[in-house]
Amino acid sequence: IREISEIVKLKKRLNAETLLIVNPRVPAITSNSSDANVNKYRYDYVIENAGTLEELEEKAREFSKIK
C-alpha cells in the first residue's frame with residue numbers, strides 16, 4: 001500500500017506496523033501521487049536495499065527475527 005490514507009486506515013484496523021523498503025540507487029517515482037507521496041509518511045521501520053538481492057533477503061531474515 002502506498003497511499004497514506006490507506007496505510008493509516010489498515011494500520012489502525014489491523015493494529016499493524018509499517019515497513020518501507022528503499023533503494024537509493026533507484027530514482028524516486030513522481031509521475032503519480034501514490035508514489036510521489038510515499039516518503040511523506042513516518043513508517044515504523046525502514047530497510048535500505050542498496051546491495052544485492054541476497055543482501056536484501058538477509059536483511060529481511062534479520063528483520064523477521066526482531067519481529
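## Exercises on a predicted fold

T18 is in contact with I7, K11, Y41, R42, Y43, D44 and Y45, once its neighbours within four places in sequence are set aside. Keep that list at hand as you work through the exercises, and remember that the model is predicted.

**Exercise 1. Place T18 in the chain and decide whether T18 is buried or exposed.**

Solution.
- Step 1: Find the element. T18 sits in the loop that links α1 (4–14) to β1.
- Step 2: Check the accessibility. The relative accessible area of T18 is 8%, and the cut-off for buried is under 20%.
- Step 3: Draw the conclusion. T18 is buried because its value of 8% falls under that limit.
- Step 4: Return to the partners. Among the residues in contact with T18 are I7, Y41 and Y43, and these three also belong to the largest nonpolar core.

**Exercise 2. Work out which residues make up the largest nonpolar core, and look at the contacts of V38.**

Solution.
- Step 1: List the members. The core has five residues in all: I7, L20, V38, Y41 and Y43.
- Step 2: Take V38. Beyond its neighbours within four places in sequence, V38 is in contact with R2, L20 and Y43.
- Step 3: Compare the lists. L20 and Y43 are partners of V38 and members of the core.
- Step 4: Add the general background. Nonpolar side chains tend to be buried together in soluble globular proteins.

**Exercise 3. Describe the surroundings of S34: which element holds S34, and which residues is S34 in contact with?**

Solution.
- Step 1: Locate the residue. S34 is part of helix α2, which covers residues 33–36.
- Step 2: Judge its exposure. S34 counts as buried because its relative accessibility is 13%.
- Step 3: Name the partners. Apart from neighbours within four places in sequence, S34 is in contact with R2 and E3.
- Step 4: Look at the side chains. Those of S34 and E3 make a polar contact at 2.8 Å.
- Step 5: Link back to Exercise 2. R2 is in contact with S34 and also with V38.

**Exercise 4. Examine two loop residues, N15 and V26: are they buried or exposed?**

Solution.
- Step 1: Start with N15, in the loop between α1 and β1. N15 counts as exposed because its relative accessibility is 71%.
- Step 2: Check the backbone. N15 is not a glycine, yet its phi is positive, at about 50 degrees.
- Step 3: Turn to V26, in the loop between β1 (19–22) and α2. At 51% relative accessibility, V26 counts as exposed too, the limit being over 50%.
- Step 4: Consider distances between C-alpha atoms. N15 and P27 are 12 residues apart in sequence and 31 Å apart in space. For V26 and Y41, the figures are 15 residues and 19 Å.

**Exercise 5. Step back and summarise the whole chain: how do its elements run from the N terminus?**

Solution.
- Step 1: Count the elements. There are three helices and two strands, in the order α-β-α-β-α.
- Step 2: Look at the dimensions. The C-alpha trace spans about 30 × 30 × 15 Å along its principal axes.
- Step 3: Consider burial. The chain has 67 residues, of which 18% count as buried.
- Step 4: Examine the contacts. Among those with a separation of 6 or more, 70% join residues 24 or more positions apart.
- Step 5: Finish with the surface and charges. The accessible surface is about 5400 Å², with 53% belonging to carbon and sulfur atoms. The 12 positive and 11 negative side chains have centres that lie 8 Å apart.

Definitions and conventions. Residues are numbered from 1 along each chain as its sequence is written. This is a predicted model: local features need pLDDT of at least 70, side-chain atom pairs count only at pLDDT 80 or more; totals for chains, interfaces and linings use all residues. Side-chain values use heavy atoms; hydrogens and water are left out. Helices (H or I, at least four residues) and strands (E, at least two) are DSSP runs, numbered from the N terminus. Buried means under 20% relative accessible area, exposed over 50%, partly exposed in between (1.4 Å probe, protein chains only). A polar contact is a pair of N or O atoms within 3.5 Å; within protein, one must be able to donate a hydrogen and the other to accept it, and residues adjacent in sequence count only if both atoms are side-chain atoms. Contact means heavy atoms within 4.5 Å. A nonpolar core is a set of buried Ala, Val, Leu, Ile, Met, Phe, Trp, Tyr and Cys residues joined through side-chain atoms within 4.5 Å. Accessible areas come from the Shrake-Rupley method with a 1.4 Å probe; for residues, only the protein chains shown count as cover. Lys and Arg count as positive and Asp and Glu as negative; His and the chain ends are not counted. The place of a charge is taken as NZ of Lys, CZ of Arg, CG of Asp or CD of Glu.
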